Amino acid sequence: MRIDVVSIFPEYLAPLELSLIGKARQDGLLDLAVHDLRGFTSDRHRTVDDTPYGGGAGMVMKAEPWALALESIAGEGTAAKPVLIVPSPAGERFTQAIAHQLAEEEQLVFACGRYEGIDERVIDWAREHFRVRPMSLGDYVLNGGEVAVLAMVEAVGRLLPGVVGNPESLVEESHSDGLLEYPVYTKPSEWRGREVPPVLLSGNHGKIAQWRRHEQFRRTADRRPDLLSDFDASNLPRADREVFAELGYDVVDGRLMRREGGT
Ligand code: 6GU
C-alpha cells in the first residue's frame, strides 16, 4: 500500500517510523511519504492560512497550496482515484469496518488540516481526483489532523498482509465481531491476593471459549451498550441468551432489547 500524508508539521508524523508501522515500511509492505504543505507555497512567508470570510475566530487554510500538494500526489500515484481522507471532527466516524475497507485500497492520501479547517472549495475540487472521505475519530476536538492520522494509519496498517506477525491476533480483538474483547491474564496465577479466573486454568477449551464470549457480552453491556443494538442475536445458544437475560436484555426478532425497568 502507498500512503501520502500532507501536513504543515511533518515532524508530527515521526512516530510512523517506529514499531509495527516502521517495520512494515522497512519490509516494503507500506510505502509512506510525508509532505510539507509549505513546500507548495510560493510567497516569502510560505503562507498557508488566512482570515475566514464572514468573520469569526481563527484562521482558515488557503486553497491553492492544498490543490498543488494534492495534484502532485495524484499525478505521482498509480491508483485511478485514490481515497483522500480529510481528518476532521466534522467527519464520518472512523471505525474498524472502515479500517478494513481502507486496507484494501492501493493508495491512501491524508490531508491534515489545522486551525479552523481547510477552505471548503478544496474538498469539493478534490473529488475530481480522489474519492474524498472526511473522517472523525470521535466526538472531541483535536488541534489538527496529525494525531488522528497516526491513529488511522496504525489501524489500517496493522491489517495489511504481513504487518502483524500472527494474523490470529487480529481475530479475537475488540470490534472484530462487534463486541469488546474479553479480559486477559498472565502469570502468576495469584497476584497480590487476586486470582486468575479458575476456568482459564481448567484446560477445558470449550468452557474457556464460552467464558470469554460471555465476558465480552458483560463488558460490552457495561461499557458500550450502544454496540449491542447492532448485535446479531438470532440463533444464540441458550447459555448466551441466559447471560443477556441476566444483563437485562431479551432477544426479540433476532435483536437484543433492553428489558423495561431492567437492572
Ligand atoms: Cl480526525 N481531526 C480533528 N482535528 N479533531 C478530531 C478528529 C479529527 N477526530 C476527533 N476529533
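**Ligand shell and open sheet**

Student: How far is a backbone N or O atom of Tyr140 from a nitrogen atom of the ligand?

Tutor: The model is predicted. Polar contacts are pairs of N or O atoms within 3.5 Å. Here a nitrogen atom of the ligand and a backbone N or O atom of Tyr140 are separated by 2.5 Å.

Student: Which residue places a polar side-chain atom 3.4 Å from a nitrogen atom of the ligand?

Tutor: Leu137 approaches a nitrogen atom of the ligand with a backbone N or O atom, at 2.8 Å. The polar side-chain atom that lies 3.4 Å from a nitrogen atom of the ligand belongs to Ser136.

Student: How much of the accessible area that the ligand has on its own does the protein cover?

Tutor: Residues around the ligand include Pro87, Met135, Leu142, Gly144 and Ala148. On its own, the ligand has 290 Å² of accessible area. The share covered by the protein is 96%.

Student: How many residues of the shell around the ligand are charged?

Tutor: Eight residues of the shell are nonpolar and four are polar. The number of charged residues in the shell is therefore read from the same division, in which Gly is counted as polar. The charged count is none.

Student: Which element gives the most to the shell around the ligand?

Tutor: Two elements give two or more residues to the shell, β5 (83-93) and β7 (131-136). The one that gives the most, with three residues, is β5.

Student: Which residues does Pro89 touch, not counting residues up to four places away in sequence?

Tutor: Pro89 is in strand β5 and is one of the residues around the ligand. Leaving out residues up to four places away in sequence, the contacts of Pro89 are Ser136, Tyr140 and Val141.

Student: Which strands stand at the edges, each with a single partner strand?

Tutor: Five strands, paired in parallel, form an open sheet in the order β2-β1-β6-β5-β7. Two of them have a single partner strand each, so one side of each is left without a neighbour in the sheet. These edge strands are β2 (31-36) and β7.

Student: By how many degrees are neighbouring strands of this sheet turned against each other on average?

Tutor: The pairing in this sheet is parallel. With direction ignored, the average turn between neighbouring strands is 25°.

Student: What is the bridge partner of Val5 in β6?

Tutor: Strand β1 (residues 2-7) pairs with strand β6 (residues 107-111) in the parallel sense, over five bridges. In β6, Val5 has as its bridge partner Phe110.

Student: At about what angle does helix α2 run to β1?

Tutor: Helix α2 (residues 63-76) lies across β1, β2, β5 and β6. Its angle to β1 is about 170°.

Student: Which residue has a positive phi of about 50° although it is not a glycine?

Tutor: Most residues other than glycine have a negative phi. The residue with a phi of about 50° lies in the loop between β2 and β3 (49-50). It is Arg46.

How values were computed. Residues numbered from 1 in each chain as written. Predicted model: local features only at pLDDT ≥ 70, side-chain atom pairs only at ≥ 80, totals over all residues. Heavy atoms only, no water. Near = heavy atom within 4 Å. Polar contact = N/O pair within 3.5 Å; in protein donor to acceptor, adjacent residues only side chain to side chain. Areas by Shrake-Rupley, 256 points an atom, 1.4 Å probe, with all protein chains shown as cover. Helix = DSSP H or I, 4+ residues; strand = E, 2+ residues; numbered from the N terminus. Pairing = 2+ DSSP bridges. Axes fitted to C-alpha atoms, helices over the stretch in contact; angles between N-to-C directions. Contact = heavy atoms within 4.5 Å.
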